[in-house]
Amino acid sequence: MAKDEASERMKRKDYEKELEKLQIELCHLQDYVKENKLRVIVLFEGRDAAGKGGTIKAITEKVSPRVFRVVALPAPSDREKTQLFFQRYMKQFPAGGEIVIFDRSWYNRAGVEYVMGFCSPAEHDRFLSLCPQMEKYVIDGGIILIKIWLEVGMDEQERRFHARIDDPVRQWKLSPMDLESFKRWYDYSRARDLMLKKTSTKDAPWYIIRSDDKRRARLNCIAHILEAIPHKRIKKDEVKLPKRSDKGRYNDQAPLRGMNFVAERY
């Protein structure tokens, strides 16, 4: 990474300050979604190492998993392969008061499945044709759909892959599929271009976020989500802790003597 490029990256202190403000607003959004029984889908796509996982973590870090539910489906089972393509995704769609975040989504068919030959050209064409219709049906049914593509540059992706190789706590992020996607950069670029052309519609447009600077990307993404879901702060009654009851009072630590406690190593 060039020195001037590194210096342009957002400083951690500035990032954490802005992130705290946005996460507080996400909590207000959460209250509004629960109160009004909104149904929201936010889906993330992008190349490998584009920063999807870190962005989703920043969104969900301070909110309830009962409201913000993350879905990261594994490869389809033999049974799921015989179902309608959208079927296993629709099972995960939100009920009232939920925001479902797809860490990759049905757009696998437009990306990895197409590039790696896991679907036929006919299946790919059919997906691109039917997807806008399906999404319009979902939106007409009252679901708010937000589609986000994280765009990482070629050099930055390579730097992140090397970081994964060299760091034992991040090596799990590097799969054989990631290495294959690294090799096929331009195949994925063409698949992306076609996907955006065919499926960015008036009803369900794609929004692209440059993610070479992960911190800026996370902040921009959260700010966009907050703007995309109309909401206002819900007035709450002041919470006060009740007085503890002394009824049945006893030494509740005494029964723990002699029990197996974890060694206090720290």
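The exercises below work through a predicted model of one chain, each with a solution in steps.

Residues are numbered from 1 along each chain as its sequence is written. Local features need pLDDT of at least 70 and side-chain atom pairs count only at pLDDT 80 or more, while totals for chains, interfaces and linings use all residues; side-chain values use heavy atoms, with hydrogens and water left out.

**Exercise 1. The chain as a whole**

Task: state how many helices and strands the chain has, what its C-alpha trace spans, and what share of its residues is buried.

Solution. Start with the secondary structure: there are 11 helices and five strands. Helices (H or I, at least four residues) and strands (E, at least two) are DSSP runs, numbered from the N terminus. Next, take the extent: along its principal axes the C-alpha trace covers about 70 × 50 × 40 Å. Then turn to burial, where buried means under 20% relative accessible area, exposed over 50%, and partly exposed in between (1.4 Å probe, protein chains only). Of the 266 residues, 40% count as buried. Last, look at contacts, meaning heavy atoms within 4.5 Å. Among those between residues at least 6 apart in sequence, 79% join residues at least 24 apart.

**Exercise 2. Three salt bridges**

Task: find where the partners of Lys 136, Arg 192 and Glu 156 lie, and say whether the residues are buried or exposed.

Solution. Begin with the rule: a salt bridge is a side-chain nitrogen of Lys or Arg within 4 Å of a carboxyl oxygen of Asp or Glu. This rule gives 20 salt bridges. Side chains of opposite charge can pair when their charged atoms come close.

Step one is Lys 136. Its partner is Asp 140, with the closest N and O atoms 2.9 Å apart. Both residues belong to helix α7 (residues 121-140), where they are four residues apart, about one turn of the helix. Lys 136 is partly exposed at 38% relative accessible area, and Asp 140 is exposed at 55%.

Step two is Arg 192. It pairs with Glu 151, again with the closest N and O atoms 2.9 Å apart. Arg 192 sits in helix α10 (residues 185-199) and Glu 151 in strand β4 (residues 144-151), so the salt bridge ties together parts that are 41 residues apart in sequence. Arg 192 is buried, at 16% relative accessibility, and Glu 151 is buried at 12%.

Step three is Glu 156. Its side chain meets that of Arg 159 at 2.7 Å, N to O. The two are three residues apart in helix α8 (residues 154-166), about one helical turn. Glu 156 is buried at 4%, whereas Arg 159 is partly exposed at 34%. Through shared partners, salt bridges join Arg 9, Glu 156, Arg 159 and Arg 160 into one network.

**Exercise 3. The nonpolar cores**

Task: name the residues of the largest nonpolar core that touch the most other members, and the elements that supply at least two residues each.

Solution. A nonpolar core is a set of buried Ala, Val, Leu, Ile, Met, Phe, Trp, Tyr and Cys residues joined through side-chain atoms within 4.5 Å. The largest has 31 residues, of which Val 42, Phe 44, Ile 59, Phe 68 and Ile 148 touch the most other members. At least two residues of this core come from each of α2 (12-36), β1 (39-46), α3 (52-60), β3 (98-103), β4 and α11 (214-228). Now follow one member: leaving aside residues up to four places away in sequence, Ile 59 touches Leu 26, Phe 44, Phe 68, Ile 101, Cys 221, Ile 222 and Ile 225. Another core, of 23 residues, lies apart from the largest one and includes Ile 41, Ala 110, Met 134 and Val 138.

**Exercise 4. A positive phi**

Task: locate Lys 37 and Arg 104, and give the phi of each.

Solution. Most residues other than glycine have a negative phi, and most peptide bonds are trans. Lys 37 is not a glycine, yet has a positive phi of about 55°. It is found in the loop between α2 and β1 and is exposed, at 57% relative accessible area. Arg 104 also has a positive phi, near 75°. Its place is the loop between β3 and α6 (112-115), and at 24% relative accessibility Arg 104 is partly exposed.
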